[in-house]
Amino acid sequence: MARGKIQIKRIENQTNRQVTYSKRRNGLFKKAHELTVLCDARVSIIMFSSSNKLHEFISPNTTTKEIIDLYQTVSDVDVWSAHYERMQETKRKLLETNRNLRTQIKQRLGECLDELDTQELRSLEEEMENTFKLVRGRKFKSLGNQIETTKKKNKSQQDIQKNLIHELELRAEDPHYGLVDDGGDYDSVLGYQLRFQPNQHHHYPNHALHAASASDIITFHLLE
């Protein structure tokens, strides 16, 4: 049964329109591929859907730019001139912006002021004053943070110092603090003292030695 002729008009249903676009696009790309293989033709197809989605076909071993350059040569049409002019205009605007920014920087450094009138100088002065206030406020905030940090460090050091002093006072009140109980007896302590000062026996009389020994005995008992 033969297919009926399809009326060529816009498909109103969006879903049907998208399905038809996808099918016919694939068929078109298939025919372009066949032309490339069978006839050694160079084919380039650029398509945009109703949603501005790009679809492109290009014959193997070539590029879109090569196709466009060949088109310009054959048809004597300059395709790139408009694009080049737009690029030049963009470049000119960027250079102008850069030049203005450099001038503004110099003016804020006190240069190129002769080009400004009274109103422009007043505006520049107000802007510099506002900037100065912001910088000064930021500086004071930074100094305040540093002061607070220093205060916290000093307070920590003072607390450590107070704790150490308190600990020393508690140890000073303890009569047993600093005494070493090594389990020795009087003879060992006295012998240690005599060994520690062996040459002093020849310089003092016997009664002085006995007095020293008695004192040592009293001291030893006090230590116990």
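Partly exposed, as used in these legends, means a relative accessible area between the buried range, under 20%, and the exposed range, over 50%. Glu127 fits that description because its relative accessibility is 36%. One more thing before the views: the model is predicted.

**View 1. The whole chain, with six helices and two strands.**
Start here to get your bearings. Going along the sequence, the elements come in the order α-β-β-α-α-α-α-α. The chain has 224 residues, and 10% of them count as buried. Its exposed area is about 20000 Å², with carbon and sulfur atoms supplying 56% of that. Look at the contacts with a separation of 6 or more, and you'll find that 27% of them are between residues 24 or more positions apart.

**View 2. Arg108 and Glu127 meet in a salt bridge.**
Here is the partner of the residue we began with. The closest N and O atoms of Arg108 and Glu127 are 2.4 Å apart. This pair ties together distant parts of the chain, with Arg108 sitting in helix 3 and Glu127 in helix 4 (residues 118–173), 19 residues apart. Arg108 counts as partly exposed because its relative accessible area is 30%, and Glu127, at 36%, is partly exposed too. As general background, side chains of opposite charge can pair when their charged atoms come close.

**View 3. Glu96 and Arg99 pair up within helix 3.**
How far apart are the N and O atoms in the salt bridge of Glu96 and Arg99? The distance is 2.2 Å. The two residues are three apart in helix 3, so about one helical turn separates them. Glu96 has a relative accessible area of 31%, which makes it partly exposed. Arg99 is also partly exposed, with a value of 45%.

**View 4. Arg10 and Glu12 form another salt bridge.**
In this close-up, the closest N and O atoms of the two side chains lie 3.2 Å apart. Are these residues buried or exposed? Glu12 is exposed, since its relative accessibility is 62%, and Arg10 is exposed as well, with a relative accessible area of 53%. If you keep hunting through the whole structure, the search finds eight salt bridges.

**View 5. Helix 3 from end to end, residues 80–108.**
Follow this helix through its 29 residues and you travel 42 Å from the first C-alpha to the last. That is close to the 42 Å expected at 1.5 Å a residue. What comes after helix 3? Gly110 does, and its phi is positive, near 90°.

**View 6. Helix 2 and the residue just after it, Asp76.**
Helix 2 covers residues 64–75. Its twelve residues should span 16 Å at 1.5 Å a residue, and the end C-alpha atoms are 16 Å apart, so the two agree. Just past the helix, Asp76 has a positive phi of about 55°, although Asp76 is not a glycine. You'll find Asp76 in the loop between helix 2 and helix 3. Asp76 counts as exposed because its relative accessible area is 69%.

**View 7. Asn61, in the loop between strand 2 and helix 2.**
Strand 2 runs over 54–58, and Asn61 belongs to the loop that links this strand with helix 2. Here, too, is a positive phi in a residue that isn't a glycine: the value for Asn61 is about 65°. With a relative accessibility of 84%, Asn61 counts as exposed.

**View 8. A nonpolar patch on the surface.**
Which residues make up this patch? They are Tyr71, Val77, Val79 and Trp80, and together they have about 340 Å² of accessible area. Tyr71 has its place in helix 2. Its relative accessibility is 48%, so Tyr71 counts as partly exposed.

**View 9. Two cysteines in a structure with zero disulfides.**
A disulfide, in general, is a covalent bond between the sulfur atoms of two cysteines. How many does the structure hold? The count is zero. Cys39 counts as exposed because its relative accessibility is 53%. Cys112, at 31%, counts as partly exposed.

Note on methods:
Residues numbered from 1 in each chain as written. Predicted model: local features only at pLDDT ≥ 70, side-chain atom pairs only at ≥ 80, totals over all residues. Heavy atoms only, no water. Patch = residues over 30% accessible without salt bridge, like charges linked within 9 Å, V, L, I, M, F, W, Y side chains within 5 Å. Areas by Shrake-Rupley, 256 points an atom, 1.4 Å probe, with all protein chains shown as cover. Salt bridge = Lys/Arg side-chain N within 4 Å of Asp/Glu carboxyl O. Helix = DSSP H or I, 4+ residues; strand = E, 2+ residues; numbered from the N terminus. Buried < 20%, exposed > 50% of the residue type's maximum accessible area, 1.4 Å probe, protein only. Expected span 1.5 Å × (residues − 1). Contact = heavy atoms within 4.5 Å. Disulfide = S-S within 2.5 Å.
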